[in-house]
Amino acid sequence: MSLVKKTGWASPFTNTFLTDFFNGETFFDDAFRKVERMPAVNIAENEKEYVLEVAVPGMKKEHFTVEVLHGMLHITAEKKDEKEEKEKNYTRREFSTTSFSRMFTLPEDVGEGDILAEYNDGVLHLTLPKVKEVVADKKKVAIK
């Protein structure tokens, strides 16, 4: 057993080569792996509101969708980049997609219709104002 990761090129006729290739441990290592990154989120609370700060540099406000559904705050973003270079006798086209989705259960004292969102300098700022009174709907259930 070795603590050092094996490096170098294996013969294409060995089982090790095929195993390493399909596990992404060859020269393709970082080029073909999907890397998921979840943005960091700061959550603060004061007497009037909750504040969320989501660190997502490199995005634009058009990339975001913020929705409230069934007491859940959904924050999603997707960014697609495409590059194409044409030189001499070859064409190279590269593309990438960056996306994430985060969901937060909203406290009962949040005014869902008054949530504000703003994107500045790589940080999505969400302000969730608190409502003064939380009125629970009380319904009597008839017993048969």
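A search of the whole structure, which is a predicted model, finds 2 aromatic pairs, where rings of Phe, Tyr and Trp (its six-membered ring) pair if their centres lie within 6.5 Å, and planes under 30 degrees apart count as stacked, over 60 as edge-to-face and the rest as tilted. Local features need pLDDT of at least 70 and side-chain atom pairs pLDDT 80 or more, while totals for chains, interfaces and linings use all residues; side-chain values rest on heavy atoms, without hydrogens and water, and residues are numbered from 1 along each chain as its sequence is written.

| Aromatic pair | Centre to centre | Angle between planes | Class |
|---|---|---|---|
| F64 and F100 | 6.5 Å | 70° | edge-to-face |
| F64 and Y119 | 5.0 Å | 45° | tilted |

The pair of F64 and F100 links distant parts of the chain, with F64 in strand β3 (residues 64-69) and F100 in strand β5 (residues 90-105), 36 residues apart; strands here are DSSP runs (E, at least two residues), numbered from the N terminus, as are helices (H or I, at least four). The pair of F64 and Y119 also links distant parts, since Y119 belongs to strand β6 (residues 116-120), 55 residues from F64. Ring pairs thus link F64, F100 and Y119 into a cluster. F64 is buried at 12% relative accessibility, F100 is buried at 9%, and Y119 counts as buried at 17%, where buried means under 20% relative accessible area, exposed over 50% and partly exposed in between (1.4 Å probe, protein chains only).

Strand β3, which holds F64, pairs with strand β4 (residues 72-87) in the antiparallel sense over 6 bridges, two strands being paired if DSSP finds at least two bridges between them. V68 stands opposite L73 in β4, and in the hairpin of β3 and β4, with 2 residues between the strands, H70 takes a positive phi near 55°.

The search for salt bridges, defined by a side-chain nitrogen of Lys or Arg within 4 Å of a carboxyl oxygen of Asp or Glu, finds 1 in the whole structure. The side chains of E45 and K130 meet there at 2.6 Å, N to O; because E45 lies in strand β1 (residues 41-45) and K130 in the segment after β7 (123-129), the pair ties together parts that are 85 residues apart in sequence. E45 is exposed, at 53% relative accessible area, whereas K130 is partly exposed, at 22%. The charged end of K130 also sits over the ring of Y50, 4.8 Å from its centre, a contact that requires NZ of Lys or CZ of Arg within 6 Å of the ring centre and within 35 degrees of the ring normal.
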